[in-house]
Amino acid sequence: MGASFEKCCGLLSLLETEHSLPRESWRELICGHTPELQSEAALRAMAVRRRYYGNRVFLRGLIEFTNFCRNNCYYCGIRAGNSKAQRYRLTESDILAAADHGYELGFRTVVLQGGEDPAFGDDNLARIVEKLKAAHPDCAVTLSCGERPFEVYRRWKDAGADRYLLRHESADPAHYAKLHPAVQILSTRLECLRMLRELHYQVGAGFMVGSPYQTVETLAEDLTFLSEFKPEMVGIGPFIPHCDTPFGHEKAGSVDLTVYLLSLIRLALPGVLLPATTALATLDPDGRRKGLFAGANVIMPNLSPPTVREKYLLYNNKAHTGLESAESYRKLIESLAGLGFEAGPDRGDHIKEMQK
Ligand code: SAH
C-alpha cells in the first residue's frame with residue numbers, strides 16, 4: 001500500500017522547498033502514484049518551470065551520427081551483438097550539412113549522438129565540433145557518445161562542446177549489472193559524469209522508466225542520485241523493447257509513470273533542462289504534450305539525414321517522422337504555440353539561480 005494522497009502532497013511540498021527527500025520518502029511517493037497525485041505533481045511542476053523558464057520550450061536538433069557501437073547493453077537495438085542492425089557512420093560533410101540545415105530552420109542547439117564508435121575517431125569529432133562552432137558561434141553543441149577517457153572529454157570541450165548527455169541508466173549497481181554485460185559497470189559511468197562536470201560541461205544524466213528488473217527501490221535510488229548530483233539536464237523515457245536484443249520480449253515502461261517522474265524531477269531540480277523524449281512520443285501519440293504538461297521544457301526533433309533515420313533504432317517503432325522530424329519545425333512551433341508554449345531560435349542554456 002502506498003502512502004495516502006494527503007501524505008504524498010506533504011512530501012511534494014517538502015520536495016519543492018528542500019529539493020531532496022530521504023530514500024524512504026521517495027519510495028512512498030513512487031508507491032503512492034495515482035492519477036490524482038500525478039495531476040497534483042504536474043500542476044506544481046508546471047508552476048516551478050514557469051518561474052524559471054516562463055512559457056519557453058527549447059528545441060534541439062538531434063543528429064545521430066553513427067550507429068556503430070562497441071558495447072552490448074541488453075536493451076539497446078544498436079548493441080554490437082545485433083548483427084541485423086544496418087550500420088552507418090556519417091561523414092564530416094553530412095554532419096555539417098545537417099547542422100547548417102538545422103540552423104536555417106531555427107535550431108540553436110545541435111546534439112551529436114551515437115554509439116561508442118572508436119573508428120569514428122575522437123580527433124575527427126573534435127574537428128567537427130570546431131567547425132560547427134566556427135560556422136554557428138551562437139549555437140550550442142551537445143555531445144552524447146558514451147564513456148570516454150578524461151583526455152578525450154577535454155579535447156571535445158576545448159573544441160567548443162557545451163553539453164554532454166550520458167544517462168546513468170540505473171543508480172543501483174545490482175540493477176545496472178542486470179542491464180549491461182560485466183565489463184560495463186556503474187562506477188565507470190558515474191566517474192565519467194564526474195569528469196564531465198569537472199570539465200564544466202552542462203551534464204545530462206537519466207534512465208529508462210520500466211527497464212527490466214527496475215523496482216521501487218532502484219527508482220528511489222535514481223531519484224536520490226539525481227537530487228544529489230544535480231545534473232543540468234535529465235533524460236528519462238519509457239523502456240521500449242527492441243526485438244533483436246536480449247530484452248526483446250520484455251514489457252515496455254509506463255507512460256503515466258514516466259510523466260509522473262518528470263514532475264518529481266522538475267520539483268527536485270527546478271532549473272533542469274528536461275526533455276519530453278522521443279520514447280515517450282513513440283509509446284503515446286500524445287506523449288509529448290503530456291510530458292510538457294508535467295514539467296518538461298525541451299524537445300529534440302530528429303535532424304539526421306532521412307536516409308539513416310530508420311537505422312538508428314534503439315527500440316522498435318521509434319518515431320522519426322511527423323512532428324518528431326526537424327522538417328516539421330514550423331508545424332512544431334505552431335503546435336507548441338497552440339499549447340501555450342513559445343519556442344524559437346534560442347540556445348536554451350540551463351538556469352542555475354532563479355531569476356528575480
Ligand atoms: N551511446 C550513447 C548514447 C546512447 S542512446 C551513450 O552511451 O550515452 C541514448 C539513450 O537511449 C540511452 O542512454 C538509453 O537510456 C536509451 N535507450 C536505449 N535503448 C532503449 C530502449 N530499448 N528503450 C528506451 N530507451 C532506450
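Which strands each supply at least two residues of the lining of the second largest cavity? They are E3 and strand E5 (163-165). To see where these strands sit, start with the sheet. Keep in mind that this is a predicted model.

The sheet is open and has 6 strands. Their order is E2-E3-E4-E5-E6-E7, and the pairing is parallel. In general, strands of a sheet pair through backbone hydrogen bonds, either parallel or antiparallel. Here E2 and E7 are the edge strands, and each pairs on one side only. From one strand to the next, the twist averages 20 degrees.

Look now at the E7 edge. E6 and E7 run parallel and are joined by 6 bridges. Take Met208 as an example: its bridge partner in E7 is Gly237.

Two helices that pack on the sheet come next. Helix H4 (residues 92-105) touches E2 and E3. The direction of H4 makes about 175 degrees with that of E2. Helix H10 (residues 255-268) touches E6 and E7. For H10, the angle is about 165 degrees with the direction of E7.

Now turn to the cavities. The structure holds 4 cavities of 30 Å³ or more. The largest has a volume of about 930 Å³. It is lined by 46 residues. Closest to its centre are Gln113, Arg167, Glu169, Tyr312 and Leu314. Several elements give two or more residues to this lining: strand E2 (61-66), strand E3 (109-114), strand E6 (202-209), strand E7 (233-238) and helix H11 (278-283). The largest share, 5 residues, comes from E7. So what is the lining of the largest cavity like by class? It has 25 nonpolar, 14 polar and 7 charged residues.

The second largest cavity has a volume of about 90 Å³. Its lining includes Thr109 and Val111, along with Arg163 and Leu165. Arg60, Thr142, Met233, Leu273, Pro275, Val298 and Met300 also line this cavity. By class, its lining divides into 7 nonpolar, 2 polar and 2 charged residues.

Strand E3 ties these views together. E3 lies between E2 and E4 in the sheet order. Helix H4 touches E3. E3 gives two or more residues to the lining of the largest cavity, and at least two to that of the second largest.

Definitions and conventions:
Residues are numbered from 1 along each chain as its sequence is written. This is a predicted model: local features need pLDDT of at least 70, side-chain atom pairs count only at pLDDT 80 or more; totals for chains, interfaces and linings use all residues. Side-chain values use heavy atoms; hydrogens and water are left out. On a 1 Å grid over the protein atoms alone, a cavity is a set of points where a 1.4 Å probe fits but cannot get out, and a pocket is an open set with protein on both sides within 12 Å along at least five of seven lines; lining residues have an atom within 4 Å of a point. Grid points are joined across faces, edges and corners, and a volume is the space filled by probe spheres set on the points. Helices (H or I, at least four residues) and strands (E, at least two) are DSSP runs, numbered from the N terminus. Ala, Val, Leu, Ile, Met, Phe, Trp, Tyr, Cys and Pro count as nonpolar, Asp, Glu, Lys and Arg as charged, and the others, Gly among them, as polar. Two strands pair if DSSP finds at least two bridges between them. Axes are lines fitted to C-alpha atoms, for helices over the stretch in contact, and angles run from 0 to 180 degrees between N-to-C directions. Contact means heavy atoms within 4.5 Å.
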